[in-house]
Amino acid sequence: MSSTKPPTKAKTVVIGAGAVGCSVAYHLSELGAEDVVVVDQGPLPVTGGSSVHAPGIMFQTSPSKIQTKTAHYTSRLLSDAGVYDEVGGIELARSEERMDFLRRRVEWATAYGLPEPELLSPEEVTEHLPLVNEEEILGGYYSPTDGRVDGISALQWYVEHSSADFYGNVEVTDMEVTGGEIGAVVTDDGRIECDRCVIATNNWGYQTGQLAGLDLPIAPVEHQYVVTEPMEELADADSNVGENTSGLDVPGNRDIQEQMSEGPHRPVGRDQDHSLYFRTHGDAIGLGSYNHETLSVDPEAMGTNTEESQASVRGFTEEHWTKPTHRYRDKSAKQAFDELLPATADAEYAATENGIFVFTPDGMPAVGPTEVDGLWSGLAIWWTHSGGYGRIIAEWMENGVPRLPSGPVDTGGIHVRRFEPHAGETDYFVDRGDTRYEQVYMNVEPRWQPDDHRGLRTSPFYAQQQALGAEFYQSGGWETPQWYESNADLVDRYADRIPEQDGWQGINRSAIEGAEHLHTREKVSMFDMTTFSSITVEGDGAGEFLQRMCSNDVDIEDGQVRYSLLLNEGGNILADVTVVRLDSEEYMVTTGGGNSPGIHGGWLEDHAPETVSVTIEESARSTIGLWGPKSRLLLQRCTNADVSDEDFGYFTAKQIYVGEVPVVALRVSYVGELGWELWAPSEYGQRLWETLYEAGRDLDVRAMGGGALESMRLEKGFRLWGTDIDTDSNPYEAGLPFAVDMDTDFVGKEALQAAREEGIDDRIVPLTLDDSTDVMLSGRPVMIDGEAQGYVQAGDYGYSIGESVAYTYLPDEYAEAGTSVQIRCEGETYDATVRGEPLFDAERDKILR
């Protein structure tokens with residue numbers, strides 16, 4: 001740590017010396033990075049941010065693999081550092097629904113490799129937590145490596161074990177961005193010229209981003225925590241309160257830091273049925289509550305430390321503790337705690353706070369390179385995951401590959417550039433942050449959909465879709481039909497081929513999805529692909545640029561289409577794309593919707609030479625997937641172009657007219673049927689839909705939703721980025737060797753060559769259930785001889801093949817067709833079998849007809 005004035009120049013500046021900033025600096029040092037400077041507006045190590053007012057409880061299990069992996073890495077790192085109390089964690093159930101949830105906890109922990117997860121009876125819970133009222137609970141989930149981090153000690157450890165230079169009481173007032181690149185960080189103690197910078201200011205993330213011209217959707221929210229006076233029931237525990245922060249510069253109320261620095265001697269606990277958590281603080285107990293209405297903080301007015309208070313702590317609001325203000329909870333925090341922990345009912349409180357932490361619109365971190373070259377984000381991260389994300393960011397910065405020691409990680413759900421264009425508007429991300437706060441301990445249903453800020457982005461087909469009774473889901477702000485009530489008549493037609501889906505797996509599903517699937521296989525359907533993205537790449541050297549960026553050979557003729565991958569420097573899959581050559585210097589690159597435009601389009605933009613223009617056409621085109629055995633007949637009715645197989649072969653493209661509408665037509669199909677993607681300028685979209693729909697009435701043309709698309713693509717074995725493939729897999733593991741041409745030079749080739757020579761340990765395979773039609777949910781363990789060897793990446797019912805399908809990655813020795821496995825899902829164990837792919841139309845007769 002340095003107490004002198006910050007330097008005028010550094011290679012890397014990290015803004016924020018909390019859990020994330022310190023972790024990034026430490027891991028950069030471990031990887032050999034030099035000349036790293038860390039600055040914070042507060043004193044060190046007690047900065048006044050959320051890292052030092054948090055109780056430090058770490059529950060590692062999550063439905064998200066990356067959240068679980070980063071949490072476990074963090075617990076191991078801090079345990080080795082001697083700043084982690086591995087007392088275990090117990091999540092309680094006070095309802096049957098919560099017991100079902102705890103069974104999911106065991107399945108997720110098993111799938112993602114957490115050690116020894118188990119369910120406990122009420123009696124076993126109270127053996128660990130004797131203050132819990134046994135009559136109030138039905139059981140618990142126990143994770144023995146959960147625990148608590150000593151925040152201040154952990155920050156001190158990072159500083160002492162990092163070669164970075166740390167400067168406290170230094171406020172960042174501006175960032176200099178020139179030509180889209182970070183050039184300097186300006187502070188109240190001078191300007192620091194730098195090559196790269198990391199924003200790790202969490203509660204101040206929005207404000208810091210604004211200094212660089214970024215609208216980062218980081219919403220600060222208050223939540224409550226109290227620590228009791230010493231309790232007779234805990235008198236056997238030691239206490240160092242009064243000595244924990246001796247000699248430290250502590251802004252505001254020292255009582256909070258004194259109490260937070262006091263460690264637990266019993267497992268940390270959660271009562272998610274009432275949005276509560278708790279832990280011992282020596283001879284006292286701390287009670288935390290999300291059980292109140294959302295208390296949002298203006299992201300532009302976080303403020304700074306004062307003599308009276310810390311910047312990220314607000315005054316305790318008694319009414320939110322004693323009254324039921326959470327719209328989904330019928331008891332107040334105080335009432336629920338009194339019932340669960342009766343010994344606390346009359347306890348006085350030694351410390352109280354409304355601490356601030358942050359949420360993004362989807363509740364996940366915002367990590368990675370921003371739109372500003374050299375500027376990185378490490379935001380919306382809690383202590384629980386901070387060590388892991390610090391390692392991921394450092395690896396990404398130093399080596400170009402986001403990874404943990406266990407291997408590459410998937411970044412689609414955490415990438416800072418995943419957010420849609422409207423996400424930076426404060427009302428939007430504050431409202432969505434409010435929702436995510438409410439849901440922290442809620443039992444969120446599969447396919448849950450928000451009810452606010454709807455209708456933001458609609459395709460030109462929206463009015464027709466509404467008229468057909470579309471059930472809209474929101475994706476990237478777009479309203480996307482999942483199924484259409486107008487197709488309810490098809491359910492009777494295919495009733496014998498559509499099994500009922502009961503229980504948790506069946507929530508928010510419709511039999512109409514299966515009917516649309518089967519109809520498309522037999523006749524013809526129209527699918528709204530407007531959320532998919534097209535990227536125009538043109539100019540001098542466009543072909544050479546794409547050849548460098550794509551893993552496949554894209555030196556193709558005009559009108560040809562080529563499937564390829566974009567890889568990172570580690571040879572892992574950044575995106576799968578379709579490359580269309582329109583003419584010698586113009587290409588159309590198509591990819592998925594959702595987070596694809598920002599991440600994948602941004603990757604191409606960032607790497608393009610000056611002579612090449614990259615234009616992300618996120619909403620400039622409206623697109624219809626026209627699929628099914630009658631699709632050629634329908635399309636030919638609407639165009640003068642020849643769409644015969646002889647003149648318009650598979651994986652070719654033509655610029656044609658559909659009625660009056662100019663269209664780039666691609667002979668490709670994501671459902672394994674004859675068909676086309678029809679890409680038109682958005683202003684023509686409505687007419688395109690009308691033209692096809694009217695011309696196909698006698699062919700029984702139907703609109704098809706996303707539910708049918710998912711089951712059809714799984715039957716065919718087509719990959720979905722962010723689900724089956726991501727930056728944690730390479731093309732050989734993902735079963736996509738045909739998308740790689742090692743005779744060309746491309747980003748990631750050297751690493752991919754090395755991986756191939758070393759041998760592929762895991763590869764993706766389809767499974768089918770032996771004797772059940774239930775749908776398997778993602779994140780559920782795939783077991784062989786009682787050991788988890790993989791987990792479900794995606795699952796659905798294959799209506800054409802009449803079997804439930806799941807995809808997983810398995811070690812190579814288990815990946816042969818015919819291998820018997822088991823899947824644990826919703827407390828049941830299902831027998832399943834590894835199958836060869838594709839499961840449907842292996843000879844490609846239907847797609848090539």
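These are my notebook entries on pockets, cavities, sheets, aromatic pairs and backbone details in this structure. I am working from a predicted model.

**Entry: second largest pocket**

I started with the second largest pocket, which holds about 640 Å³ of space. I counted 31 lining residues. P369, D373, W603, D606 and H607 lie nearest its centre.

Which element gives the largest share of this lining? I found that α17 does, with six residues. Helix α17 covers 596-607. I also noted β12 (190-199), β21 (375-379) and α11 (383-399); each of these, like α17, supplies at least two lining residues. By class I get 13 polar, 10 nonpolar and eight charged residues in this lining.

**Entry: A380**

Between two of those elements, β21 and α11, runs a loop that contains A380. I checked its backbone. Phi of A380 is near 60 degrees, so positive, though the residue is not glycine. Most residues other than glycine have a negative phi.

**Entry: cis peptide bonds**

I looked up two cis peptide bonds next. One joins L44 and P45, with omega about 5 degrees. I placed P45 in the loop between β2 (36-39) and α2 (50-53). Another cis bond joins E837 and P838, and omega is again about 5 degrees. P838 sits in the segment after β42. For background, I note that most peptide bonds are trans.

**Entry: six-stranded barrel**

P838 led me back to β42 and its sheet. I traced a closed barrel of six strands in the order β37-β40-β39-β38-β41-β42, paired antiparallel. From one strand to the next the twist averages 40 degrees.

I then took one pair from the barrel. Strands β41 (residues 820-825) and β42 (residues 828-834) run antiparallel and share six bridges. Which residue in β42 is the bridge partner of V821? I found A832.

What packs on this sheet? I see helix α4 (residues 96-112) there, touching β38 (781-784), β39 (787-798), β41 and β42. The direction of α4 makes about 65 degrees with that of β38.

**Entry: three-stranded sheet**

I also followed an open sheet of three strands. The order is β3-β8-β4 and the pairing is antiparallel. Its edge strands are β3 (57-58) and β4 (84-85), each pairing on one side only. I looked at β4 with β8 (residues 147-149): two bridges join them, and they run antiparallel. D85 has R148 of β8 as its bridge partner.

**Entry: cavities**

How many cavities of 30 Å³ or more does the structure hold? I count three.

The largest has a volume of about 70 Å³. I list its lining as L129, P130, L131, V132, R266, P267, F278, R279, T280, I285 and L341. Strand β15 (residues 276-281) gives the largest share, three residues. I sorted this lining into eight nonpolar, one polar and two charged residues.

The second largest cavity has a volume of about 50 Å³. I find S51, V52, A54, D150, G151, I152, M260 and S261 around it. Helices α2 and α6 (151-160) each supply at least two of the lining residues. By class I get four nonpolar, three polar and one charged.

**Entry: aromatic pairs and V440**

I find 30 aromatic pairs in the structure. I picked out Y290 and Y441. Their ring centres are 5.0 Å apart and their planes stand at 65 degrees, so I log the pair as edge-to-face. The cut-off for that term is an angle over 60 degrees.

Where do the two tyrosines lie? I placed Y290 in the loop between β16 (284-289) and β17 (295-296). I placed Y441 in the loop between α12 (426-438) and α13 (462-467). The pair therefore ties together parts that are 151 residues apart in sequence.

I then checked V440, which is also found in the loop between α12 and α13. Leaving out residues up to four places away in sequence, V440 touches Y290 and F359. I compared its position with that of N291. V440 and N291 are 149 residues apart in sequence, and their C-alpha atoms are 9.9 Å apart in space.

Conventions:
Residues are numbered from 1 along each chain as its sequence is written. This is a predicted model: local features need pLDDT of at least 70, side-chain atom pairs count only at pLDDT 80 or more; totals for chains, interfaces and linings use all residues. Side-chain values use heavy atoms; hydrogens and water are left out. On a 1 Å grid over the protein atoms alone, a cavity is a set of points where a 1.4 Å probe fits but cannot get out, and a pocket is an open set with protein on both sides within 12 Å along at least five of seven lines; lining residues have an atom within 4 Å of a point. Grid points are joined across faces, edges and corners, and a volume is the space filled by probe spheres set on the points. Helices (H or I, at least four residues) and strands (E, at least two) are DSSP runs, numbered from the N terminus. Ala, Val, Leu, Ile, Met, Phe, Trp, Tyr, Cys and Pro count as nonpolar, Asp, Glu, Lys and Arg as charged, and the others, Gly among them, as polar. Two strands pair if DSSP finds at least two bridges between them. Axes are lines fitted to C-alpha atoms, for helices over the stretch in contact, and angles run from 0 to 180 degrees between N-to-C directions. Contact means heavy atoms within 4.5 Å. Rings of Phe, Tyr and Trp (its six-membered ring) pair if their centres lie within 6.5 Å; planes under 30 degrees apart count as stacked, over 60 as edge-to-face and the rest as tilted.
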